[in-house]
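Reader: Could you walk me through this structure, one residue at a time where that helps?

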Amino acid sequence: MSGGVEWALHCCVALTSAEAPVPAVRLAHLHDVSPTYLAKQLQALSRAGLVRSVQGKAGGYVLTRSPAQITVLDVVEAVDGPGPAFVCTEIRQRGPLAVPPQSCTAPCVISRAMADAETAWRDALRTTSIADLTRDVDADARSDISSWLNGAGA
């Protein structure tokens, strides 16, 4: 999983505290990350329909729906794509003890274990929302984020 997922999740949680659209530069400053790097994550979230960009002087990013309706899996797939985290390359068909392709009609035990883990991982991420993450953020830090985003840290 890329580091962009972490930043995208932090931005989604931060946007739940905003009273108005938040510019990408402000979100980058909040998280002390390159604005260019963060802009890529925000663009991915925008392409996935999780955030939208508001144009104009008071422009920035806002969530497109309730934080309870955006899952962690939505964010992961927006940033890293929907493909599997593990891709089997059929290593068992290589080397001095290579198994012939015609003998590999079913996934190997390692591929099956990784597929099972991926299913469990995706199920867990699918059941955790941005609202869940927001509730778990320390109350003091949350009020600090809200104050900072909404003008005190301008």
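Reader: Where does Trp7 sit?

Author: In this predicted model, Trp7 belongs to helix α1. With a relative accessibility of 21%, Trp7 counts as partly exposed, because the buried class is reserved for values under 20%.

Reader: And which residues is Trp7 in contact with, leaving aside its neighbours within four places in sequence?

Author: Once those neighbours are set aside, the contacts of Trp7 are His31, Val33, Tyr37 and Leu38. As for distance along the chain, Leu27 lies 20 residues from Trp7, and the C-alpha atoms of Trp7 and Leu27 are separated by 9.6 Å.

Reader: OK, His31 then: which helix is it in, and is it buried or exposed?

Author: His31 is placed in helix α2, and its relative accessibility of 15% makes it buried, since that value falls under 20%. Not counting residues up to four places away in sequence, His31 touches Trp7, His10, Cys11 and Ala14.

Reader: Which other residues of α2 are buried?

Author: Besides His31, the buried residues of α2 are Ala24, Arg26, Leu27 and Ala28. Of these, Arg26 also lies over the face of Trp148, at 3.9 Å from the ring centre.

Reader: How do the axes of α1 and α2 cross?

Author: The two axes come within 11 Å and cross at roughly 110°. That angle makes α1 roughly perpendicular to α2, because 65 to 115 degrees is the range for that description. On the α1 side the contact is made by Trp7, His10, Cys11, Ala14 and Leu15, and on the α2 side by Leu27, Leu30 and His31.

Reader: What follows α2 in the chain?

Author: α2 is followed by Asp32, which has a positive phi, near 50°, although Asp32 is not a glycine. Asp32 is located in the loop between α2 and α3, and it is exposed, with a relative accessible area of 71%.

Reader: Glu90 caught my eye too; what is its phi, and where is it found?

Author: Glu90 is not a glycine either, yet its phi is positive, at about 55°. Glu90 is found in the loop between α4 and α5, the latter spanning 109-126, and at 22% relative accessibility it counts as partly exposed.

Reader: Changing topic, which residues of the largest nonpolar core touch the most other members?

Author: That core has 31 residues, and those touching the most other members are Leu15, Leu27, Leu38, Leu42, Leu45, Val75 and Ile130. The elements giving two or more residues to the core are α1 (3-15), α2 (24-31), α3 (35-47), β2 (60-63), α4 (72-80) and α7 (139-152). The largest share, eight residues, comes from α1. As general background, nonpolar side chains tend to be buried together in soluble globular proteins.

Reader: Pick Leu38: what is it in contact with, leaving aside neighbours within four places in sequence?

Author: With those neighbours excluded, Leu38 is in contact with Trp7, Cys11, Ala24, Leu27, Ala28 and Val33.

Reader: And how many aromatic pairs are there?

Author: The count comes to zero aromatic pairs, where a pair of rings would need centres within 6.5 Å.

Reader: Let me ask about Ala39 as well: which helix does it lie in, and how far apart are Ala39 and Arg65 in space?

Author: Ala39 lies in helix α3, and it is partly exposed, with a relative accessible area of 22%. Ala39 and Arg65 are 26 residues apart in sequence, and their C-alpha atoms are 20 Å apart in space.

Reader: Last one, Thr64: where is its place, and what does it touch?

Author: Thr64 is in the loop between β2 and α4. At 36% relative accessibility, Thr64 counts as partly exposed. Not counting residues up to four places away in sequence, Thr64 touches Gly49, Leu50, Val51 and Arg52. Ala44 is 20 residues from Thr64 along the chain, and the C-alpha atoms of these two residues are separated by 13 Å.

Conventions
Residues are numbered from 1 along each chain as its sequence is written. This is a predicted model: local features need pLDDT of at least 70, side-chain atom pairs count only at pLDDT 80 or more; totals for chains, interfaces and linings use all residues. Side-chain values use heavy atoms; hydrogens and water are left out. Rings of Phe, Tyr and Trp (its six-membered ring) pair if their centres lie within 6.5 Å; planes under 30 degrees apart count as stacked, over 60 as edge-to-face and the rest as tilted. A charge sits over a ring if NZ of Lys or CZ of Arg is within 6 Å of the ring centre and within 35 degrees of the ring normal. A nonpolar core is a set of buried Ala, Val, Leu, Ile, Met, Phe, Trp, Tyr and Cys residues joined through side-chain atoms within 4.5 Å. Buried means under 20% relative accessible area, exposed over 50%, partly exposed in between (1.4 Å probe, protein chains only). Helices (H or I, at least four residues) and strands (E, at least two) are DSSP runs, numbered from the N terminus. Contact means heavy atoms within 4.5 Å. Axes are lines fitted to C-alpha atoms, for helices over the stretch in contact, and angles run from 0 to 180 degrees between N-to-C directions. Angles under 35 degrees count as roughly parallel, over 145 as roughly antiparallel, 65 to 115 as roughly perpendicular and the rest as oblique.
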